[in-house]
Amino acid sequence: LYVAMTGARASLQAQGTVSHNLANVDTKGFKAALAGTEAFRIQGQGFPSRVDAVLIDPGFDGRTGSQMVTGRSLDISLQPNRWLAVQAADGGTAYTRNGELSVTPNGQLVTAGGRAVLDDNGNPIAVPPAQSIDVGADGTVSIIPQGEGPQTMAVVGRMRIVEAAQSQLARGGDGLMRPSDPQAPALAPATGNSLTVGVLEGSNVDAAGALVQMIQLQRQFEMQVKVIRSGDEMAQSSNQLLRLGG
């Protein structure tokens, strides 16, 4: 009963992870969350069959999502293991691969979620009024001021892009990535060409695969509930036999 109960709980929690992935199947740059279980032996007196099925968080799927050509000058697709630094709600630095950028009416460069894009110095990038904006492959943001010719193109900043492996990052409650080890050295800035302009990276969630996984988890949960019910019926039958024997 104990094993079946903890297994059913873990199945429900895993269903929540799969549901979260399905809800973000159209989110640009989203990385599918992973879920797994491991056996944990309960310490103390009791039968050795007391093994807890514990849900663990293996992290996220780091594979690159599908590439969608948009031709828009502020749409960028980052190279593998490259992450764009943005300002989190608490004022700290977080990272994303959502390259759907825009400029707010007050001239701030932000992501589709409204997060300010940071420059090499960790400050939000401000874009003066311009008739065109150009993003270089290394993250440099240049503009042609309003009313001026191409010869007046000026650099207004360079986006902070870091290089980090999947194991170095963990997803926060706001969906943004942060270093998995706060005590580790700062993430190294990316060098060379780090992005492609006019292209967006889609979510790497496999919708069909996630639906199949959801069905499998549902069947596992139903099986575990049946085991619990069978154990309860056996316990009731044993009590009846004991009363009759008394």
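## Strands β9, β10 and β11

In strand β11, Ala 154 is the residue that faces Ile 143. The model described here is predicted. Strand β10 covers residues 140–145 and β11 covers residues 154–158. The two strands run antiparallel, and four bridges join them.

β10 also pairs with strand β9, residues 130–135. That pairing is antiparallel too, with five bridges. Ile 143 comes up again here: Ile 133 stands opposite Ile 143. Another bridge pair is Ser 132 with Ile 144 of β10. How many of the six residues of β10 are buried? Five are, so β10 is mostly covered.

## The turn between β9 and β10

β9 and β10 form a hairpin. Four residues lie between the two strands. One residue of this hairpin, Gly 139, takes a positive phi near 95°.

## A positive phi at Asn 81

Most residues other than glycine have a negative phi. Asn 81 is not a glycine, yet its phi is positive, at about 65°. Where does Asn 81 sit? Its place is in the loop between β4 (76–78) and β5.

Is Asn 81 buried or exposed? Its relative accessible area is 42%. Buried means under 20% and exposed means over 50%, so Asn 81 counts as partly exposed.

## One aromatic pair

How many aromatic pairs does a search of the whole structure find? It finds one. The partners are Phe 60 and Trp 83. A pair of aromatic rings is described by the distance of the centres and the angle of the planes. For Phe 60 and Trp 83, the centres are 6.1 Å apart and the planes meet at 80°. The pair is edge-to-face, because planes over 60 degrees apart count that way.

The two rings come from distant parts of the chain, 23 residues apart. Phe 60 is in the loop between β2 (51–56) and β3 (67–69). Trp 83 belongs to strand β5, residues 82–87. Phe 60 has a relative accessibility of 2%, so it counts as buried. Trp 83 has a relative accessible area of 5%, so Trp 83 is buried as well. Trp 83 has a further neighbour: Arg 97 lies over the face of its ring, 5.8 Å from the ring centre.

## The largest pocket

Rolling a probe the size of a water molecule over the atoms shows where empty space is left. In this structure, the largest pocket holds about 380 Å³ of space. Its lining is made of 23 residues. Which of them lie nearest the centre? They are Thr 27, Thr 96, Asp 174, Gly 175 and Leu 176.

The lining can also be sorted by class. Six of the residues are nonpolar, 11 are polar and six are charged.

## Helices α1 and α2

Helix α1 spans residues 2–23, and Gly 16 is found in it. Gly 16 has a relative accessible area of 40%, so it is partly exposed. Gly 16 and Leu 211 are 195 residues apart along the chain, and 12 Å separates their C-alpha atoms.

His 20 lies in helix α1 as well. His 20 is partly exposed, with a relative accessible area of 38%. What is the distance in space between His 20 and Gly 114? It is 21 Å from C-alpha to C-alpha, with their positions 94 residues apart in sequence.

Helix α2 spans residues 207–245 and contains Glu 222. With a relative accessibility of 42%, Glu 222 counts as partly exposed. Glu 222 and Ser 11 are 211 residues apart in sequence. In space, their C-alpha atoms are 9.7 Å apart.

Conventions. Residues are numbered from 1 along each chain as its sequence is written. This is a predicted model: local features need pLDDT of at least 70, side-chain atom pairs count only at pLDDT 80 or more; totals for chains, interfaces and linings use all residues. Side-chain values use heavy atoms; hydrogens and water are left out. Two strands pair if DSSP finds at least two bridges between them. On a 1 Å grid over the protein atoms alone, a cavity is a set of points where a 1.4 Å probe fits but cannot get out, and a pocket is an open set with protein on both sides within 12 Å along at least five of seven lines; lining residues have an atom within 4 Å of a point. Grid points are joined across faces, edges and corners, and a volume is the space filled by probe spheres set on the points. Ala, Val, Leu, Ile, Met, Phe, Trp, Tyr, Cys and Pro count as nonpolar, Asp, Glu, Lys and Arg as charged, and the others, Gly among them, as polar. Rings of Phe, Tyr and Trp (its six-membered ring) pair if their centres lie within 6.5 Å; planes under 30 degrees apart count as stacked, over 60 as edge-to-face and the rest as tilted. Buried means under 20% relative accessible area, exposed over 50%, partly exposed in between (1.4 Å probe, protein chains only). A charge sits over a ring if NZ of Lys or CZ of Arg is within 6 Å of the ring centre and within 35 degrees of the ring normal.
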